[in-house]
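Visitor: I should like to go through this protein step by step, with the reasoning behind each answer.

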Amino acid sequence: MLCFRLSSSDASDFCVADLTAPQGPIGYACKTSELVTVNDFVFSGLREGNTSNLMKAAVTSAFSAQFPGVNGLGISVARLDLAVGGVVPMHTHPRSSEIIVVVRGRITAGFVSSANKVYYKALRSGDVMVFPQGLLHFQINARKTPASAYLSFGSPSPGLQVLDFALFANDLPSDIVKTTTFLDDVQVKKLKSLLGGTD
């Protein structure tokens, strides 16, 4: 005779993010099952982004803060749009590897290993590339037509640190930036001015 245990709780199946609670190192607290709806598992925001900015790029994220259903599941997605000349500068995701799937145009993408070896390639529609967790990587549209891609992450909250902003879009004294980057004073001040940093 088979015996089944029936339960009225979904608690062990998923942990939809309670966005009213603070986010901790392992994600958001779970909503109570009574507050979970189908809309927590659907994201409708991966539309073409606005690329009229300094980088001529737009990344639309569907991380746990925007897409509560991925909380605790170890996955998330985003959309990348690059105008002509668009670039996503060197950056890293400290909590996740990333996969890029090009769906329109051509994107030159690559990463730098911890041994400072560079792996890069011009990708076209249908090509897929992986960027290992924590390694610096980039994407460039060097063609004469717009490009777009979907990004997949191995974390619902992969984190992001853009190298240029980490160095020049803050109040780190210019003398320290000069010393640690080997750039001259004129370049440091120019980049701080461009990216909104202060001395």
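Guide: A residue is called buried under 20% relative accessible area, exposed over 50%, and partly exposed in between. The model discussed here is a predicted one.

Visitor: Is asparagine 116 buried or exposed?
Guide: Asparagine 116 lies in the loop between strand 5 and strand 6. Its relative accessibility is 61%. The limit for this class is over 50%, so asparagine 116 counts as exposed.

Visitor: What is the phi of asparagine 116?
Guide: Most residues other than glycine have a negative phi. Asparagine 116 is not a glycine, yet its phi is positive, at about 65 degrees.

Visitor: Where is lysine 56 found, and what is its phi?
Guide: Lysine 56 belongs to the segment before strand 1, and with 39% relative accessibility it counts as partly exposed. Lysine 56 also has a positive value in a residue other than glycine, with phi near 55 degrees.

Visitor: How many helices and strands are there in the protein chain?
Guide: From the N terminus on, the elements run β-β-β-β-β-β-β-β-β-β-α-α-α. The count for the protein chain is thus three helices and 10 strands.

Visitor: In what order do the strands of the open sheet that contains strand 1 lie?
Guide: The edge strands are strand 1 (57-62) and strand 7 (128-131), each of which pairs on one side only. From one strand to the next, the twist averages 20 degrees. The five strands pair in the antiparallel sense, and their order is 1-2-9-4-7.

Visitor: Which residue in strand 2 stands opposite alanine 58?
Guide: Strands of a sheet pair through backbone hydrogen bonds, either parallel or antiparallel. Strand 1 and strand 2 (residues 76-82) pair in the antiparallel sense, over six bridges. In strand 2, the residue opposite alanine 58 is aspartate 81.

Visitor: With which side chain does aspartate 81 meet in a salt bridge?
Guide: Aspartate 81 has 2% relative accessibility and counts as buried. Its partner also counts as buried, at 12% relative accessibility. The N to O distance in this salt bridge is 2.9 Å, and the partner is arginine 79.

Visitor: Which strands stand at the edges of the open sheet with the order 6-5-8-3-10?
Guide: The five strands of this sheet have antiparallel pairing. An edge strand here has a single partner strand, so one side of it is left without a neighbour in the sheet. The strands that stand at the edges are strand 6 (118-124) and strand 10 (161-162).

Visitor: Which residue in strand 10 stands opposite threonine 92?
Guide: Strand 3 (residues 87-92) pairs with strand 10 in the antiparallel sense over two bridges. Opposite threonine 92 in strand 10 stands glutamine 161.

Visitor: Which strand supplies the largest share of the largest nonpolar core?
Guide: This core has 19 residues, and those with the most contacts inside it are Leu80, Ile100, Ile107 and Met129. Strand 2, strand 4 (98-104), strand 5 (106-112), strand 7 and strand 9 (147-153) each supply at least two of its residues. The largest share, four residues, comes from strand 9.

Visitor: Which residues form a nonpolar patch on the surface?
Guide: Phenylalanine 41, in the segment before strand 1, is partly exposed at 35% relative accessibility. The residues of the patch have about 260 Å² of accessible area together, and they are Val38, Phe41 and Val42.

Visitor: How far apart are the closest N and O atoms of aspartate 40 and lysine 31?
Guide: Aspartate 40 counts as buried at 7% relative accessibility, whereas lysine 31 counts as partly exposed at 24%. The two residues form a salt bridge, and the distance between their closest N and O atoms is 3.0 Å.

Visitor: Which residues are joined into one network by salt bridges that share partners?
Guide: Aspartate 185 forms a salt bridge with lysine 189, with the closest N and O atoms 3.2 Å apart. Because they are four residues apart in helix 3 (residues 185-195), the two are separated by about one helical turn. Aspartate 185 is partly exposed at 29%, as is lysine 189 at 42%. The network joins Asp175, Lys178, Asp185 and Lys189.

Key:
Residues are numbered from 1 along each chain as its sequence is written. This is a predicted model: local features need pLDDT of at least 70, side-chain atom pairs count only at pLDDT 80 or more; totals for chains, interfaces and linings use all residues. Side-chain values use heavy atoms; hydrogens and water are left out. Two strands pair if DSSP finds at least two bridges between them. Axes are lines fitted to C-alpha atoms, for helices over the stretch in contact, and angles run from 0 to 180 degrees between N-to-C directions. Patches are made of residues with over 30% relative accessible area and no salt bridge: like charges are joined within 9 Å, nonpolar side chains (Val, Leu, Ile, Met, Phe, Trp, Tyr) within 5 Å. Accessible areas come from the Shrake-Rupley method with a 1.4 Å probe; for residues, only the protein chains shown count as cover. A salt bridge is a side-chain nitrogen of Lys or Arg within 4 Å of a carboxyl oxygen of Asp or Glu. Buried means under 20% relative accessible area, exposed over 50%, partly exposed in between (1.4 Å probe, protein chains only). A nonpolar core is a set of buried Ala, Val, Leu, Ile, Met, Phe, Trp, Tyr and Cys residues joined through side-chain atoms within 4.5 Å.
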